[in-house]
Amino acid sequence: MTDTAQTPVIQLKDVNKHYGPLHVLKDINLTVDKGEVLVIIGPSGSGKSTLCRTINRLETIDSGQILIEGRPLPQEGKALAEVRAEIGMVFQSFNLFAHRTILDNVTMGPVEVLKTPKQQAQDEALVLLDRVGVKEQAAKVPAQLSGGQQQRVAIARSLAMHPKAMLFDEPTSALDPEMINEVLDVMVGLARDGMTMVVVTHEMGFARRVADRVVFMADGAIIEEGAPEEFFTHPKTKRAQEFLDSIKGH
Amino acid sequence: MPLSELLATYGGMYVTALLTTWSLTAVSFLGVMVLGLLVTVLRVCPVKPLRVVGDLYVQIFRNIPGISLLVFVVYALPNLNVVWDYRTCVIVTVVLVGSAFGSENLMSGINTIGVGQIEAARSLGLTFTQILRQIVVPQAVRSAILPMTNLLIAVMLTTALASQTPMKPPELTGLVSYINTRTVGGITPFVASALAYAGTAFVIGFVGNRIDKKVRIIR
């Protein structure tokens, strides 16, 4: 409980966002402490992905404040790029650089942004690729890898920046079922190592096992949040109860 | 006029004409690529007025007949105290028109990249310039090899515009006009030029295909 005294890594205050007439984020207040694993769940269209993407400003917000380690998130330019470099992001569709090898994908950030010498970046990249189990694929290009392998490379690419926190936007939603676990295993490992994580997912097993806190969203608002065991067994709101009932069959 | 007689009389001039066509093509295409890339950067940059300028450029120069633009460059620009020799006039005309098409090729190359890779690069902390240099341009250029091969052939054919000026020495088409105003050459001079164009185009196409196969991005 010593962490609570520190500045939260990520803090959202009264964040609102509209897409035209659609109010996609409603008065969002959220803090993520150092080392905390926060899992965001909710029906599709609930705004959970949008929320995740506002944290490194891939989505802009209309009002409210987002603080990274207590400092307001810059709006644009070099200052924004510097903050983004400190926050890893893993996407649903992997988004590896198609024209570069796996190794180059991982060294791109360190070499271009952190100005790490190329040889050192490659050495570090190989260690990371080994850690996520795709070291043998280092010389291939992304299209030659399976979805699960690509997503693990994407995680390694983020880790190469030594991020203060990592955002996962439905990292297993585009994967074939047999590949989901290989990606989740890497994420579990990260969580165990103390990485600060915000994870948008439909994987309830992962949420139960790894999350420190679960946030349930619906219709752009945070409806309920709490410890995973408490949330999954005794949801306080009717909306969360309905959602959990609807996915029980799966 | 039989081919043997044509070559005996004008063979040397044909060689010079072919070399002139080649050099016009090479210089013009270089200009097309550089200006086309610059216009494309304008069209994707974060500043809206610059994007509008880039789009406007393409709309204007893609939709003007090359010959009209050449007439403008040769006859109208001197009124603004811009006087170039004929060779420069032809090159400028070809570059202005060609770069509009070149930019379209690059834009369709960019559109194959997908917003996801750009977002991934942004979330790594890469700046706009770094994203252009590392992600966008290399992929756009590599997927634009085949359309650019076609454009190179089109640029070569467009250099025939020079035949409408008194440029010395004439290029392939200009030489045909020259021969046919001096003698009754019939169809043979045209055939000789056509073969030179077609042969060059064949080589360009062949090389373009080889390059494309080599650098094509597997998706």
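Start by selecting helix α6 of chain B, which supplies 5 residues, the largest share of the lining of the largest cavity. Helices here are DSSP runs of H or I with at least four residues, strands are runs of E with at least two, and both are numbered from the N terminus.

Before going further, note that this is a predicted model, in which local features need pLDDT of at least 70 and side-chain atom pairs count only at pLDDT 80 or more, while totals for chains, interfaces and linings use all residues. Residues are numbered from 1 along each chain as its sequence is written, chains are lettered from A and ligands numbered from 1 in the order in which they are written, and side-chain values use heavy atoms, with hydrogens and water left out.

**The cavity in chain B**

Next, select L37(B), T40(B), V41(B), V44(B), L106(B), I110(B), L132(B), V136(B), V137(B), A140(B) and V141(B), which line the largest cavity. The elements that give two or more residues to this lining are α1 (3–44), α4 and α6 of chain B. The space in the largest cavity is about 60 Å³, and the structure holds 1 cavity of 30 Å³ or more. Its lining residues divide into 10 nonpolar, 1 polar and no charged, where Ala, Val, Leu, Ile, Met, Phe, Trp, Tyr, Cys and Pro count as nonpolar, Asp, Glu, Lys and Arg as charged, and the others, Gly among them, as polar.

Rolling a probe the size of a water molecule over the atoms shows where empty space is left. On a 1 Å grid over the protein atoms alone, a cavity is a set of points where a 1.4 Å probe fits but cannot get out, whereas a pocket is an open set with protein on both sides within 12 Å along at least five of seven lines; lining residues have an atom within 4 Å of a point. Grid points are joined across faces, edges and corners, and a volume is the space filled by probe spheres set on the points.

**The largest pocket**

Now select P46(B), I118(B), R122(B), F128(B) and I131(B), which lie nearest the centre of the largest pocket, among the 25 residues that line it. The volume of this pocket is about 720 Å³. Both chains should be displayed here, since at least two lining residues each come from α2 (77–85) of chain A and from α4 (86–111), α5 (115–124) and α6 (128–143) of chain B. Helix α2(A) gives the most to the lining, with 5 residues, and the lining as a whole divides into 14 nonpolar, 6 polar and 5 charged residues.

**Where the chains meet**

Colour the two chains separately and select the contact (heavy atoms within 4.5 Å), which takes 25 residues from chain A and 21 residues from chain B. The area buried between them is about 2000 Å², of which carbon and sulfur atoms give 59%; buried area is the accessible area (1.4 Å probe) that two parts lose on being put together, summed over both. In chain A, the residues that lose the most area to chain B are F97(A), H99(A) and E112(A), together 29% of what that side buries.

Stay with E112(A) and add R133(B), because the two form a salt bridge whose closest N and O atoms are 3.4 Å apart, the term meaning a side-chain nitrogen of Lys or Arg within 4 Å of a carboxyl oxygen of Asp or Glu. The count between chain A and chain B is 2 salt bridges, set against 17 over all chains. The R133(B)–E112(A) pair runs from helix α6 of chain B to helix α3 of chain A.**Two backbone details**

Finally, centre on the peptide bond between K168(B) and P169(B), which is cis, with omega about -10 degrees. P169(B) is in the loop between α7 (145–158) and α8 (172–182) of chain B, a chain with 9 helices and 0 strands. In chain A, turn to H162(A), which has a positive phi of about 50 degrees although it is not a glycine, and which sits in the loop between α5 (147–159) and β7 (165–169).
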